[in-house]
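User: Please take a close look at the salt bridges of this structure, both inside the chains and between them. I would like one connected account that also says how far the model can be trusted.

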Amino acid sequence: MLRPGSEEEVSELLRAADADGRKLVPRGGGTKQTWGRPAEGEPLSLRELDRLVALEPGDFVCVVQAGMRLADLDAALRADRGHRQRLMLDPPHGADATLGGIVATNASGPLRHRYGAPRDLVIGARLVLPDGTRAKTGGKVVKNVAGYDLARLLCGSLGSLAVITELAFRLHPVPEESRTVLLETRDAARAARFAAAARGGGLMPAVLELTWPDGRVVARFDSTPDAAKEQAAAAAAHDDEARVLSDSERRMLGPRIEGRPWTADGPVVGVGVPLARIADLLELAAEHGEDLALRGGVGVGEARLKAEPDAVAAFVRGVTALGGHVARRRVPDDLLGDAWPADDPVVRSLTLAVKAQLDPRGTLSPGRLAEAA
Amino acid sequence: MIAELERAVGAGNVMTDPAQVASYACDGLTGYRVSPSAVVLPATTDEVAACVRICADAEAPYVARGAGTGLSGGALPVADGVVIGLQRLRTILAVDVENERVTVQPGVTNLAVSAAVAPLGYYYAPDPSSQQVCTIGGNVAENSGGAHCLKYGFTIHHVLAATFVTADGRITRLGHPVPDSPGIDLLGVVVGSEGTLGIVTEIVLRILPRPEAVDTLLAAFDSTDAAGDAVSRIIAAGVVPAAIEMMDRLTIEAAEQAVHAGYPDCEAALLVELDGPEAEVRSLRPVIERLCREAGATEIRRAEDPDQRARMWKGRKAAFAAMGRVSPDYYVQDGVIPRTKLPEVLRGIRELEATYGLRVGNVFHAGDGNLHPLVLYDGSEEGASDRALEVATKILELCVEHGGSITGEHGVGHDKVCSMPKMFSGDDLTVMDRLRAAFDPSGLANPGKVLPTPRLCGEVPGFHRVHPVEAAGLGERF
């Protein structure tokens with residue numbers, strides 16, 4: 001595995017590979033290499049680029065090298081006593097994931113509900129193109145519209161356009177108090193109704209998470225102590241069986257839902273459906289019985305399915321029919337089938353044109369974005 | 001080409017008469033004027049695509065235009081080119097409140113979106129000061145912000161999907177009404193691309209439930225440093241208000257004369273707005289008041305009702321226009337600095353005032369470091385406008401030197417293309433140019449904007465030279 005120690009080395013390695021026609025697959029913690037289509041090439045690890053470049057909590061900004069782990073950034077932020085701020089990302093496999101990998105996959109978790117996906121939090125980047133060109137985009141200030149936002153283009157690009165070497169993010173303060181409300185029900189309509197109520201009528205949860213088939217709706221209210229308490233109580237009042245958890249119950253709940261749906265074998269897809277179709281999604285999930293595990297914030301999440309082409313195809317068609325979308329997260333080749341919606345031809349041609357401009361020889365992660373790219 | 005355009009949209013919707021097209025010669029940055037050879041007003045996505053194809057076939061540059069309120073010359077026409085005005089596409093196509101989204105055509109105004117969903121208890125969050133007239137199409141092109149973006153983000157955070165006419169006239173959909181769809185984020189790079197990558201003709205926007213409570217405070221300080229210190233304390237306390245706006249004495253006085261907002265007589269004022277759940281706003285208000293006092297606030301006023309709140313905001317939002325009361329002419333800049341560098345940058349601006357003999361008022365989105373210096377001058381005075389531009393450019397340089405940006409929300413447009421090399425290296429700009437070429441290989445979509453060209457900027461970029469556009473008789477300054 002190639003392990004460059006600096007952006008200069010990344011540039012030299014890329015230029016050499018590009019000239020020789022060798023293919024490279026960038027990699028951070030290696031936790032999401034199954035996302036997207038399979039790509040063939042020599043791994044290019046960014047793990048040596050793991051430095052915290054700048055921490056400016058007074059400006060809500062941090063700058064890191066792409067190979068820094070989210071967990072290590074978290075530790076550095078926790079050490080700052082003057083400001084209590086975090087990068088509000090909690091993607092799957094968060095303990096080992098690097099920030100470059102999180103951006104390249106645009107991966108998010110429960111915190112997405114309030115704070116958005118990586119594309120909403122990244123404010124600048126440094127990148128290296130396969131021809132060795134080193135460039136920056138965006139900046140180190142939260143508000144900035146100078147030039148094209150290439151950092152956003154890299155979100156979800158799965159290592160196929162450029163190698164990310166540095167990232168600047170917007171930070172958020174840690175709320176003073178958190179209160180969590182839990183409803184357990186196997187009734188899809190009731191779960192969806194409660195999820196809608198827990199974010200209506202002035203209620204503003206930071207996290208609103210559904211898990212299935214165990215049937216949990218978790219609403220977490222982060223605010224001032226008074227407000228967190230009031231909001232949680234108001235949310236719990238929407239269903240007889242919903243209740244505000246004690247601190248110890250909250251600690252126990254964490255491990256019960258963490259890592260879902262990745263903790264067992266089986267194909268995993270990303271899922272998105274319109275807000276009003278959440279009950280329908282849960283009904284669809286229920287058709288698969290215990291063979292399907294689902295987690296999601298309101299509207300976006302992930303599902304693990306039974307490793308059978310028919311099951312995967314039925315679920316993909318079902319989500320698409322709800323006006324939603326699916327993404328490949330861990331789907332073996334033989335399960336891809338023909339159920340995946342075809343790319344729009346114009347979107348496909350724009351995608352290939354961007355790829356051809358940034359990586360004309362197809363050096364980076366060939367095959368990952370589309371069969372020909 | 002004109003005949004073809006007329007066939008595409010109807011003869012009544014194509015203007016070529018010099019007197020008619022002259023009203024499209026500039027946007028909100030009136031100093032630059034270029035008359036296009038034609039203005040075409042399509043009414044549907046298909047008509048927009050047809051116009052673009054006709055321009056592409058004729059190799060004629062084209063510039064998409066909304067309400068023309070932009071402040072960076074992003075909608076400045078190209079000589080011998082076509083302006084594609086989108087004002088006839090002004091229908092709100094769908095309000096889907098249960099999925100919290102609205103679909104609009106690009107000519108719909110920003111405020112009309114909020115007005116359409118207000119009865120349902122929702123609003124559209126980005127609120128540029130020109131929101132009564134500026135259009136969503138223009139907001140998408142510029143990635144517009146507003147006073148509340150510290151908490152709620154910019155246009156990019158509120159656009160879910162768009163119908164998009166490519167630079168060669170094909171029609172497609174970018175993004176997805178449900179976020180996080182697979183594929184590279186083409187929409188993410190189109191937002192803020194200032195009309196250089198293509199034209200959006202339908203936009204799916206996210207709407208938000210109106211906050212339960214809003215509280216607005218106005219705090220007076222003896223110095224901008226003290227006001228800045230209050231902002232630092234608020235941020236260190238972990239509070240993210242919906243807005244924190246700072247005005248200095250010059251802008252307060254001008255705003256007072258213009259709209260009588262009832263601002264205190266002081267060196268610097270902070271307008272702080274909290275919103276959210278009622279209990280949260282209730283418990284944070286005393287915290288903000290205490291932090292302001294600890295930073296030396298001499299007076300704190302609270303808006304007791306929506307009327308008072310509206311008046312406080314009127315003072316702030318009228319600040320640009322109010323400068324007309326204290327100076328015959330002014331030039332607005334849109335720099336960004338790391339907020340913590342404010343005292344140094346303001347000192348730098350004061351030195352520039354002294355050196356050039358011009359006054360500069362400062363309006364500051366203090367939470368996110370977006371500084372709007374207003375350089376005052378008298379255009380009738382020999383050389384004054386050149387000096388004003390020079391001061392404005394030097395202020396941008398100060399912003400970049402302190403780790404900031406040349407534009408926070410107005411866009412690069414035509415105005416700041418020659419400042420781009422101060423912020424970006426040649427390689428940075430080349431990569432951006434390669435992206436542009438992926439979308440628009442022929443370079444016909446709004447040429448001369450965003451990225452500098454040798455023709456526009458010469459070898460030494462900067463406003464302190466005779467601008468080639470001026471030299472060619474294509475534009476003039478104010």
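Analyst: A salt bridge is counted here when a side-chain nitrogen of Lys or Arg lies within 4 Å of a carboxyl oxygen of Asp or Glu. The structure is a predicted model, in which local features need pLDDT of at least 70 and side-chain atom pairs count only at pLDDT 80 or more, whereas totals for chains, interfaces and linings use all residues. Side-chain values use heavy atoms, without hydrogens or water, residues are numbered from 1 along each chain as its sequence is written, and chains are lettered from A in the order in which they are written.

Confidence comes before the details. The model has an ipTM of 0.96 and a pTM of 0.95. For chain B, the pLDDT (the predictor's confidence in each residue, from 0 to 100) averages 93, and 96% of the residues score at least 70. Residues 460-468 of chain B have a pLDDT below 50, and this stretch makes 20 contacts in the model beyond near neighbours in sequence; a contact means heavy atoms within 4.5 Å. Where pLDDT is low, the predicted coordinates should not be read in detail.

Over all chains, the rule gives 54 salt bridges. One of them joins the side chains of A:Lys306 and A:Asp291, with an N to O distance of 3.8 Å. A:Lys306 sits in the loop between β16 (300-304) and α11 (309-321) of chain A, and A:Asp291 in the loop between α10 (278-287) and β15 (293-296) of chain A, so this pair ties together parts that are 15 residues apart in sequence. The element names refer to DSSP runs numbered from the N terminus, with helices (H or I) of at least four residues and strands (E) of at least two. Both partners are partly exposed: the relative accessible area is 36% for A:Lys306 and 39% for A:Asp291. On this scale, computed with a 1.4 Å probe on protein chains only, buried means under 20%, exposed means over 50%, and partly exposed lies in between.

In chain B, the side chains of B:Glu267 and B:Arg249 form a salt bridge with an N to O distance of 2.7 Å. This pair links distant parts of the chain, 18 residues apart, with B:Glu267 in the loop between α9 (249-259) and β14 (268-276) and B:Arg249 in helix α9. B:Glu267 is partly exposed at 35% relative accessibility, and B:Arg249 is partly exposed at 26%.

The salt bridge between B:Asp415 and B:Lys416, at 3.8 Å from N to O, has buried partners. B:Asp415 has a relative accessibility of 2% and counts as buried, and B:Lys416 is buried at 1%. Chain A also holds a network of salt bridges that links A:Glu7, A:Glu8, A:Arg126 and A:Arg134.

Between the chains, the rule counts 6 salt bridges. In one of these, the side chains of B:Arg282 and A:Glu230 meet at 3.3 Å, N to O. The same interface holds 28 residue pairs in polar contact, both residues being at pLDDT 80 or more. The elements of chain B that give two or more residues to this contact include α8 (224-236), α10 (278-294) and α16 (426-439). Helix α16(B) supplies the largest share of the side of chain B that touches chain A, 10 residues. A polar contact is a pair of N or O atoms within 3.5 Å; within protein, one must be able to donate a hydrogen and the other to accept it, and residues adjacent in sequence count only if both atoms are side-chain atoms.

The contact as a whole takes 81 residues from chain B and 74 residues from chain A. About 6,100 Å² is buried between the two chains, and carbon and sulfur atoms give 61% of that area. B:Asp180, B:Ile184 and B:Arg434 supply 12% of the area that chain B buries against chain A, more than any other three residues. Buried area is the accessible area (1.4 Å probe) that two parts lose on being put together, summed over both.

A:Arg216 completes the account. This residue is found in strand β12 (residues 216-223) of chain A and is buried at a relative accessible area of 10%. A polar contact of 3.3 Å joins its side chain to that of A:Glu184. Leaving aside neighbours within four places in sequence, A:Arg216 is in contact with residues including A:Leu182, A:Glu209, A:Leu253 and A:Arg256.
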